[in-house]
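Hello,

Here is the structure we talked about. Please open it and keep it beside this note while you read.

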Amino acid sequence: MRIAVAGGTGTIGAHAVDAARAAGHDTVVLARSAGVDLMSGAGLDEALEGVYAVIDTSNLKTLSERAASEFFTTASCRLLAAEGRHGVGHHVALSIVGIDRAPYGYYEAKLAQEHVIEAGDRPWTILRATQFHEFAEQMLAGYGFAGIHFAPKARSQPVAAREVGERLVALAAADAVGHARDLAGPREEQIDDMVRRLAKAKGLRGPVVGVSLPGKQYRAMREGAVLPGPDADLGTQTFEEWLGEAVPAR
């Protein structure tokens, strides 16, 4: 089967590409580095020749709700239109657990992307996953001052990026199901504790201070709004196991 992965050089996309190739699929990467621009549509028609399924893991790092919404809706519209022209039989998109429960501009943009897909004419599957283990690295890099590292007090059930990529490929190779069962990690974690353990594993100096950040988003996360429901599928790799792989022993 010929599978295209949008955002195939990113955190999840790279794992999806690896999983697709390991499963014997002919795999195409849709990324600017491969000559494909999702926003303008440049290179899409050539890349989708003979493709049966598209996995969309594309992402935009931004704090602007407007920029995120424009990216996700425009890119999805471009992808779906090109898929229609080439008879692509299955559109699979990665989304986030709890985006309809936690008020946050980026989540609103992802929800808008889901609506575009649902309204399209391609058979579709949407997989919502929880935060990845790598989320702790983003928090560690983003909140620091004068040797002190700050981390939000919030609840998460992080999942291995590799397992998300593998699940997306398995879904793409099967029939479209609409909203698939959510995917989460094997156990709940506190984000500030994850950051603290990561900093210790890296040998970083300075304390990691957990803080209750203001705003509806972080209040919702503290209350568990982005945790999976009882019917979610659970991955196997714990955050501690990921730490052992991601941070070399000192």
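**Glycine 13 and glycine 7**

Glycine 13 counts as buried, because its relative accessibility is 1% and the cut-off for buried is under 20%. Bear in mind that this is a predicted model. Glycine 13 sits in helix 1, which runs over residues 11–22. Which residues does glycine 13 touch, not counting those up to four places away in sequence? They are Val5, Gly7, Gly8 and Thr57. For a distance along the chain, take isoleucine 3. Glycine 13 and isoleucine 3 are ten residues apart in sequence, and their C-alpha atoms are 12 Å apart in space.

Glycine 7 is next. You will find glycine 7 in the loop that links strand 1 (2–6) to helix 1. Glycine 7 is buried too, because a relative accessible area of 17% falls under the 20% cut-off. Its contacts, leaving aside neighbours within four places in sequence, are Gly13, Leu30, Thr57 and Ser58. Thr57 is thus in the contact list of glycine 7 and in that of glycine 13. Arginine 32 lies 25 residues from glycine 7 in sequence, with 8.7 Å between the C-alpha atoms.

**Isoleucine 99 and aspartate 100**

Now go to the loop between strand 4 and helix 4. Isoleucine 99 is located there, and so is aspartate 100. Strand 4 covers 90–96 and helix 4 covers 105–119.

Is isoleucine 99 buried or exposed? Isoleucine 99 is buried, at 1% relative accessibility. Aspartate 100 has a relative accessible area of 47%. That makes aspartate 100 partly exposed, because the value lies between the cut-offs of 20% and 50%.

The contacts are worth a look in the viewer. Beyond four places in sequence, isoleucine 99 is in contact with Tyr107, Lys110, Leu111, Glu114 and Arg128. With the same neighbours left out, aspartate 100 touches Leu111 and Arg128. Leu111 and Arg128 therefore appear in the list for isoleucine 99 and in the list for aspartate 100.

Two distances go with this loop. Isoleucine 99 and valine 226 are 127 residues apart along the chain, yet their C-alpha atoms are separated by 7.3 Å. Aspartate 100 and histidine 133 are 33 residues apart in sequence and 22 Å apart in space, C-alpha to C-alpha.

**The annotated region**

An unreviewed UniProt entry carries the annotation "domain: NAD(P)-binding" for residues 36–134. Over that stretch the chain is 41% helix and 17% strand. The end C-alpha atoms of the stretch are 26 Å apart.

**The whole protein**

The protein has nine helices and 13 strands. Its radius of gyration is 18 Å, close to the 18 Å that the globule rule gives for 250 residues, so the protein is as compact as a globular protein of that length. The C-alpha trace spans about 55 × 35 × 35 Å along its principal axes.

How much of the protein is buried? Of the 250 residues, 50% count as buried. Among contacts with a separation of 6 or more, 81% come from residues 24 or more positions apart. The protein exposes about 11,500 Å², and carbon and sulfur atoms supply 51% of that area.

Last, the charges. There are 26 positive and 31 negative side chains. The centres of the two sets lie 7 Å apart.

Best wishes

Notes. Residues are numbered from 1 along each chain as its sequence is written. This is a predicted model: local features need pLDDT of at least 70, side-chain atom pairs count only at pLDDT 80 or more; totals for chains, interfaces and linings use all residues. Side-chain values use heavy atoms; hydrogens and water are left out. Helices (H or I, at least four residues) and strands (E, at least two) are DSSP runs, numbered from the N terminus. The radius of gyration is taken over C-alpha atoms; the globule rule is 2.2 Å times the number of residues to the power 0.38. Buried means under 20% relative accessible area, exposed over 50%, partly exposed in between (1.4 Å probe, protein chains only). Contact means heavy atoms within 4.5 Å. Accessible areas come from the Shrake-Rupley method with a 1.4 Å probe; for residues, only the protein chains shown count as cover. Lys and Arg count as positive and Asp and Glu as negative; His and the chain ends are not counted. The place of a charge is taken as NZ of Lys, CZ of Arg, CG of Asp or CD of Glu. UniProt positions are given in the numbering used here, feature names are shortened, and annotations may be inferred rather than shown by experiment.
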